[in-house]
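Me: I would like to go through this model one element at a time, with the reasoning behind each answer spelled out. Could we begin with a sheet and work outward from there?

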Amino acid sequence: MAAKKEKRFNPVLNLLIIILTMFTIVFTKMEIRRIAYNVLKISDQYKKRHDIYRYNMLEYAKITQPERVRNYALSRLTMTEAQKGQIIHISNDNLLVAQ
Amino acid sequence: MKTRIIFIFVLFLSLWTALILRAAYLQVIPNERLQSLNERLYNKTVTVQSRRGAILDRNGVELAGSTTAYSLYADPKIIENRISVAKKVAPILKESYHRISKRIYLYRNKRFVWLKRKITPIQYEKIKELKIRGLGFVEESKRIYPNESTLSQVLGFTGTDGKGLEGLELSLNSELSGKEKKVLLQRDAFGRPLLLNGGLEITHPDGSNVHLTIDSEIQHYLETELARSIAKFQADGAVGIVVDTKTSEILAMANAPTYDLNKPLKVNSQLRRNRVLTDAFEPGSTLKPFVVAAALKHNVIEPNTMIACEGGQFEVGGRIIKEADAKHKFDNLSVSEILAFSSNVGTSKIALMLGSQKYSEFLRQIGFGQSTGLSFPGESNGIVRKLPWRPIELSTISFGHGISATPLQVAMAYTAIANGGVLTEPILVKRIENPDTHNIKEFKSKNKQRVLSEEQANTLRLMLSAVTMPGGTGVNARIPGYPVAGKTGTAQKVDFENGGYVKGAYISSFAGFVPANDPRFVIYVAVDNPKKYFYGSQVAAPIFSKVASYAVRKAGLSPTIISEDNLLHLSKNKKDSTSIKRTKNNLREMLTDQMPSLSGMSLRQALRELKTTDKRVVIHGRGQVFKTEPESGESLSQSQKIHVFLE
């Protein structure tokens with residue numbers, strides 16, 4: 001009797017397995033698509049960050065250009081340019097007159 | 001009844017099975033026809049343009065770089081309220097909203113109008129956040145030169161299509177541009193790209209980054225000093241070059257006046273020329289060391305060989321060779337003295353003793369009349385006349401006339417003397433790095449040929465040191481604490497239209513190296529057509545002195561002990577302030593022939609400082625000192641008066 005019941009359910013079980021397998025395949029493909037959209041979104045964000053980084057690097061280079069640093073030192077920090085004979089090099093116990 | 005239920009069940013089961021099987025057939029089982037349809041609809045080959053590589057100096061400072069820039073456009077037909085849109089967007093773009101609103105109105109019947117080209121990424125993000133219907137962006141690339149006018153003639157610039165047009169941007173265009181990438185992408189129904197086979201990011205491939213040998217700080221300093229000399233002497237222009245003696249790397253290559261690389265087309269094309277390489281002119285007396293070098297090489301002379309200088313006038317081939325300064329009436333001079341006093345007659349005689357064949361050969365060996373090997377667009381080879389030379393031609397060539405050379409050729413010839421007698425190839429590009437493949441190409445200088453033995457080169461170095469000693473023409477090129485070797489040059493300018501020379505027009509130059517005992521830097525400076533003063537010793541030598549003193553300080557080179565006078569002994573208590581005061585006093589004593597710094601002083605303080613000098617002081621204006629003539633640090637020996645300007 002149990003064997004007869006099992007024989008009756010086997011085709012249904014097989015069909016269920018087939019349907020589940022197909023759904024799994026479809027679901028997996030959809031999941032790949034979803035991940036792909038995420039990767040696209042992240043790469044877009046990365047590209048934007050990289051662009052901002054490049055822009056900031058160039059801004060930094062502008063701010064630190066020698067002419068700007070010099071003008072700032074002369075006008076805002078009241079520094080003066082080194083004159084001849086102003087800088088003394090020190091070597092061991094002796095003062096060497098230079099520059 | 002039961003049969004009917006079973007029949008309906010079987011019918012629905014069959015329909016669903018058929019549906020599932022059909023779905024399985026479409027999704028799972030490979031079908032060539034469907035596959036090709038899919039590829040045609042959803043696959044696309046996209047060409048991704050590469051981002052142009054950066055140009056950096058030897059310390060990694062960015063000299064030229066590319067950034068993504070977005071250009072903002074509007075679709076006037078979609079925009080409902082243009083004034084409201086303009087008011088939202090104007091503060092971000094830092095423009096007047098009237099202008100933006102007017103622009104949308106003027107193109108109201110069109111579907112596209114630019115509002116602003118190449119805005120910054122930050123502006124782009126802010127406008128995008130506003131989500132204004134009718135506004136869109138086009139992604140473009142923008143080339144930026146953050147140092148504006150530094151190294152302008154060497155770097156060059158790009159055109160609107162991003163390709164190099166001049167300078168290094170042109171000669172290295174293929175490396176900087178990189179290669180465009182072709183990417184096969186799947187797209188969804190909305191056209192958005194998808195991954196293919198597990199992973200392919202969409203990123204812009206970068207062109208290679210180019211690292212130059214240039215030190216941007218030395219470059220800037222040289223450009224500043226050249227610009228000052230142009231202003232001071234009302235010159236037409238100036239050029240300068242600094243070369244590392246040990247490696248033949250070009251540390252600075254300057255042309256003055258410069259121009260802003262971010263606005264290249266606003267200046268005359270003549271100003272954009274890299275005259276250090278493209279302009280060959282008569283080098284004048286800076287060529288004299290090479291006739292001496294050739295004569296030493298062929299054992300025609302020794303450093304102490306005495307040459308009769310005929311009282312300053314010497315007849316050759318029916319023409320009279322005279323000294324540059326009519327007051328110079330030398331009788332007998334040693335070869336060392338001929339260089340120190342820059343005697344035209346002396347060098348003519350040495351050249352005649354040497355002969356044109358040997359001298360011509362030597363000039364070509366040391367690099368004149370041919371390319372240096374730098375491969376820069378527009379580089380000139382200069383001109384060395386073909387043999388035979390008449391005696392008068394040999395004489396004039398010996399002191400730098402009748403031959404033309406670029407500043408780079410002169411600098412490399414002096415480098416050959418400084419490095420022990422080997423002519424080398426200069427290098428401007430240190431390495432090229434590809435950020436995608438991480439492939440690095442490094443460049444080093446090549447030795448071309450030995451032109452002098454080490455002993456001969458050392459002898460010549462010693463002789464050139466005498467030029468900067470008291471009595472020599474190069475005294476103004478001295479740097480306290482460092483021995484300097486070099487040669488001044490004052491060459492008449494050629495009149496290309498009428499032939500001969502332009503009356504009263506000169507090129508003042510100085511070529512030399514420092515420290516003379518172990519050369520590290522070779523520096524060549526030339527000023528075109530200075531007014532008022534024109535001798536190399538007055539115009540170019542002081543520029544050399546300033547640039548060389550900056551370079552040795554920057555490199556951290558220890559001063560050389562020249563004599564006991566240079567040494568001051570510290571007391572054991574290092575915090576003793578009296579030793580510092582004594583140092584200052586000693587400095588003042590040693591530098592009495594130099595103009596002290598008076599900047600910012602009151603008139604009373606300035607006059608107290610100038611008490612020790614015997615020059616007449618002329619006061620201009622009232623208030624505090626802002627300028628002096630001569631400038632601080634310059635030699636007072638050639639000035640009759642000192643002008644002090646106050647405001």
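Reply: Gladly, keeping in mind that this is a predicted model. One open sheet of chain B has 5 strands with antiparallel pairing, and their order is β10-β9-β21-β20-β19.

Me: Which strands of chain B stand at the edges of this sheet, each with a single partner strand?
Reply: An edge strand has one partner, so one side of such a strand is left without a neighbour in the sheet. From one strand to the next, the twist averages 10°. The two strands at the edges are β10 (250–256) and β19 (485–494) of chain B.

Me: Which residue stands opposite V239(B) in β10(B)?
Reply: Strand β9 (residues 237–244) of chain B runs antiparallel to β10(B), and 6 bridges join the two. Within β10(B), the residue opposite V239(B) is N255(B).

Me: Which helix packs on the sheet while touching β9, β10 and β21 of chain B, and which one touches β9, β19, β20 and β21?
Reply: The helix touching β9, β10 and β21 (521–528) of chain B is α9 (residues 216–233), whose direction makes about 30° with that of β10(B). The contacts with β9, β19, β20 (501–514) and β21 of chain B belong to another helix, whose direction makes about 25° with that of β20(B). The two names asked for are therefore α9(B) and α18(B), residues 536–555.

Me: Is T415(B) buried or exposed, and what is its relative accessible area?
Reply: T415(B) has its place in helix α16 (residues 407–418) of chain B, and a polar atom of its side chain lies 2.7 Å from the backbone oxygen of A411(B). Leaving aside residues up to four places away in sequence, T415(B) touches V243(B), T245(B), S248(B) and V522(B). Since buried means under 20%, T415(B) counts as buried, with a relative accessible area of 0%.

Me: Why do the buried residues of α5(B) lie on the same side of the helix, and what arc do they cover?
Reply: In helix α5 (residues 121–130) of chain B, the buried residues are P121(B), Q123(B), Y124(B) and I127(B). They lie on the same side of α5(B) because the arc they cover around the axis is only 155°.

Me: Which side chains of β12(B) point to one face and are buried?
Reply: In a regular strand the side chains alternate between the two faces of the sheet. Strand β12 (residues 313–316) of chain B shows this alternation, with Q313(B) and E315(B) on a face where they are not buried. The side chains on the other face, which are buried, are those of F314(B) and V316(B).

Me: Which residue in the turn between β12(B) and β13(B) has a positive phi?
Reply: Strand β13 (residues 319–322) of chain B pairs with β12(B) in the antiparallel sense over 4 bridges, and the bridge partner of F314(B) in β13(B) is I321(B). The two strands form a hairpin with 2 residues between them, and the turn residue with a positive phi, about 55°, is G317(B).

Me: In what order do the strands of the open sheet of 3 strands in chain B stand?
Reply: The pairing in this sheet is mixed, and β23(B) and strand β25 (residues 641–646) of chain B pair in the parallel sense over 5 bridges. R616(B) stands opposite K641(B) in β25(B). The order of the strands in chain B is β23-β25-β24.

How values were computed. Residues are numbered from 1 along each chain as its sequence is written. Chains are lettered from A and ligands numbered from 1 in the order in which they are written. This is a predicted model: local features need pLDDT of at least 70, side-chain atom pairs count only at pLDDT 80 or more; totals for chains, interfaces and linings use all residues. Side-chain values use heavy atoms; hydrogens and water are left out. Buried means under 20% relative accessible area, exposed over 50%, partly exposed in between (1.4 Å probe, protein chains only). The arc is that of the directions from the helix axis to the C-beta atoms. A polar contact is a pair of N or O atoms within 3.5 Å; within protein, one must be able to donate a hydrogen and the other to accept it, and residues adjacent in sequence count only if both atoms are side-chain atoms. Contact means heavy atoms within 4.5 Å. Two strands pair if DSSP finds at least two bridges between them. Axes are lines fitted to C-alpha atoms, for helices over the stretch in contact, and angles run from 0 to 180 degrees between N-to-C directions.
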